[in-house]
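Me: Please take one part of this structure and look at it closely, starting from a single side chain and the residues around it. Then work outward to the rest of the fold, as far as the model allows.

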Amino acid sequence: MPPRTNDQAEPAEAATHPAALRVAVLADSDTRWKWGALTARRLTAAGGTSVTERPVEISGLLLRGRATPTARQLAEVGDVGVDAGRVREVTAVEFLHTVREEAYDVVVLALVGGGVQAMLHGLAALGLPRRPVVVTGYVGVVYEKLADGLLLRHGADVVLANSAHDAERFRAVYEGVGADASAVTEAALPFLGGAPHTPEPGRDTVVFAAQPSVPASRADRTYLLRRLVEHARKHPGREVLLKLRSKPGEHTTHIEELPYQRLAERLVGGLPPNFRLVYGHMGEVLDRTDLLVTVSSTAALESLHRSIPTAILSDLGVRETLGNHHFVGSGLITSWDRLDDGLHPVPDPEWLAGQGVAADGTYATAYDGARDRVGALLAAGELPPLTPYYTPATAPGYLPGILARHHLGPDGRPLPGAAAPVATGRIRGAVRETVRNAARGAYRQGVQRVAPVIRRMGEL
């Protein structure tokens with residue numbers, strides 16, 4: 001139901017049956033869908049402001065692209081509190097058309113930076129008399145492209161920071177270029193949770209949390225796999241799990257051109273009986289984890305939140321390209337040699353306090369400030385126009401290319417030929433959807449299977 005304008009009569013029953021708060025989440029990968037949907041739930045949860053006094057309807061929209069999650073990936077994300085029947089794929093132009101037609105109160109942009117920037121300009125170009133509150137942020141640890149990613153997100157009403165440390169960095173970037181930093185709002189990762197770690201007699205499980213693109217080279221990935229397998233052989237009484245994000249051919253937030261599954265098939269000597277590859281919801285894997293090992297995965301923060309012993313590997317160096325430099329000062333950086341000898345790193349309490357993992361029990365209030373800000377914006381009624389830092393005047397050599405990738409012109413309006421679909425009859429609509437599905441399948445086949453092979457052949 002569209003929100004009522006000020007000049008419409010207020011029905012007498014409105015006080016007892018308020019209109020639903022309508023929220024749209026636009027995501028471009030499985031991980032960002034998880035972040036976006038759970039962020040929407042956190043922002044509209046009970047407590048905080050009057051925004052929570054209304055029933056909430058959350059609709060999921062998946063931006064079509066190379067990383068659009070499959071049904072299996074969506075299922076493995078776990079329960080995010082959104083009806084699967086309210087999740088559908090859209091193009092950028094279709095999303096903007098939907099926002100115009102559906103009159104959402106809040107829009108959560110769970111996208112890569114360029115996607116956020118395009119949607120901000122597209123939303124601004126709609127010229128809605130009463131636009132939605134726009135929220136965005138980051139899925140996990142921000143270890144690269146800090147300035148680039150932040151400035152591409154500038155213009156949203158709320159830019160969520162996952163920790164006090166991130167909030168300070170975000171504001172410094174905005175203020176450093178003369179941009180308004182008031183949108184930066186401290187919160188936490190929305191998917192933290194689960195029971196605190198409790199050792200169980202007879203259980204000894206080590207989990208390596210793999211990442212799709214870190215490290216990138218075949219030699220480095222093979223090295224990590226070999227050391228993990230050797231660890232399993234050295235500790236036959238220990239269960240060693242390689243937690244994978246996706247199956248070969250599926251894409252996540254980042255491209256994985258050298259899946260560990262394929263590398264494991266070629267490993268000399270095979271795999272020991274106490275070594276397994278596992279998929280599924282990370283929280284369920286952490287339920288039985290006694291030591292979490294990774295290079296720089298966000299899973300480390302989930303693990304620390306639950307007080308699970310956690311190790312950040314230094315074997316390949318502590319480097320910005322790996323992301324493990326983020327953990328400098330944490331007390332968690334160590335090597336496979338030390339882990340083989342039985343070391344369990346102990347986190348530095350001061351470092352933990354600034355990272356938003358909230359292992360001290362403060363997680364329940366981590367979103368209070370963000371809820372208050374969204375509630376205040378909703379209560380303000382008509383909001384000022386969206387004003388991103390990048391405009392055709394401030395970034396004429398950068399912005400048009402970003403917008404064009406989403407079929408938008410420099411003014412944020414759809415390019416010719418990219419207009420949103422018009423209503424059709426059932427038969428024509430079914431035919432169009434069939435054609436669309438076939439094209440979508442061909443696109444995914446090309447970017448997820450054929451393109452990586454061609455790139456690898458070019459490296460030979």
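Reply: Leaving aside neighbours within four places in sequence, Arg203 is in contact with His197, Thr198, Asp287, Arg288, Thr289 and Asp290. The model is a predicted one, and what follows is computed from it. Arg203 sits in the loop between E7 and E8. Its relative accessible area is 19%, so Arg203 counts as buried, the cut-off for that class being under 20%. The side chain of Arg203 makes a polar contact of 2.9 Å with the side chain of Asp290.

Thr289, one of the residues that Arg203 touches, deserves its own description. Thr289 belongs to the loop between helix H9 (282–286) and strand E11 (291–294). With a relative accessibility of 0%, Thr289 is classed as buried. A polar atom of the Thr289 side chain lies 2.8 Å from the backbone oxygen of Val285. Beyond four places in sequence, the contacts of Thr289 are His197, Arg203, Thr205, Val207 and Ile308. His197 therefore appears in the contact list of Thr289 as well as in that of Arg203, a point that rests on what counts as contact, heavy atoms within 4.5 Å.

The loop that holds Arg203 begins after E7, which leads to the sheet. Seven strands make up an open sheet with parallel pairing, in the order E3-E2-E1-E4-E5-E6-E7. Its edge strands are E3 (87–90) and E7 (184–186), each of which pairs on one side only. On average, neighbouring strands of this sheet are turned by 25° against each other, direction ignored. Strands of a sheet pair through backbone hydrogen bonds, in either the parallel or the antiparallel sense.

At the E3 edge, strand E2 (residues 56–63) pairs with E3 in the parallel sense over four bridges. Within that pairing, Leu63 has Val90 of E3 as its bridge partner.

Further along the order, E4 (106–110) and E5 (133–137) also pair in the parallel sense over four bridges. Here Val108 stands opposite Val135 in E5. E5 itself is mostly covered, with five of its five residues buried. Side chains in a regular strand alternate between the two faces of the sheet. In E5 both sides are covered: Val133, Val135 and Gly137 are buried on one, and Val134 and Thr136 on the other.

Pro132 lies in the loop between helix H4 (113–126) and E5. At 3% relative accessibility, Pro132 also counts as buried. The C-alpha atom of Pro132 is 4.9 Å from that of Val106, although the two residues are 26 apart along the chain. Not counting residues up to four places away in sequence, Pro132 touches Val99, Tyr104, Asp105, Val106, Val107, Asp157 and Leu383.

Val99, one of these contacts, is also among the buried residues of helix H3 (residues 92–102); the others are Ala92, Val93, Glu94, Phe95, Leu96 and Thr98. Ala103 comes just after H3 and takes a positive phi of about 55°, although it is not a glycine. Ala103 is part of the loop between H3 and E4. Ala103 counts as partly exposed because its relative accessibility is 23%.

Helix H13 (residues 368–379) lies across several strands of the sheet, namely E1 (21–27), E4, E5, E6 (158–161) and E7, and runs at about 175° to E6.

There is one cavity of 30 Å³ or more. The largest cavity has a volume of about 80 Å³. Its lining consists of Gly140, Val141, Asn162, Ser163, Asp166, Leu189, Leu192, Leu301, His326, Gln355, Gly356 and Val357.

Two backbone features remain. Val214 and Pro215 are joined by a cis peptide bond, with omega about -10°. Pro215 is in the loop between strand E8 (205–209) and helix H7 (218–234). His407 is another residue other than glycine with a positive phi, near 60°. His407 falls in the loop between helix H14 (399–404) and helix H15 (426–459). With a relative accessible area of 47%, His407 is partly exposed.

How values were computed: Residues numbered from 1 in each chain as written. Predicted model: local features only at pLDDT ≥ 70, side-chain atom pairs only at ≥ 80, totals over all residues. Heavy atoms only, no water. Pairing = 2+ DSSP bridges. Helix = DSSP H or I, 4+ residues; strand = E, 2+ residues; numbered from the N terminus. Axes fitted to C-alpha atoms, helices over the stretch in contact; angles between N-to-C directions. Buried < 20%, exposed > 50% of the residue type's maximum accessible area, 1.4 Å probe, protein only. Polar contact = N/O pair within 3.5 Å; in protein donor to acceptor, adjacent residues only side chain to side chain. 1 Å grid on protein atoms, 1.4 Å probe; cavity = no way out; pocket = protein on both sides within 12 Å on 5 of 7 lines; lining within 4 Å. Points joined across faces, edges and corners; volume = space filled by probe spheres on them.
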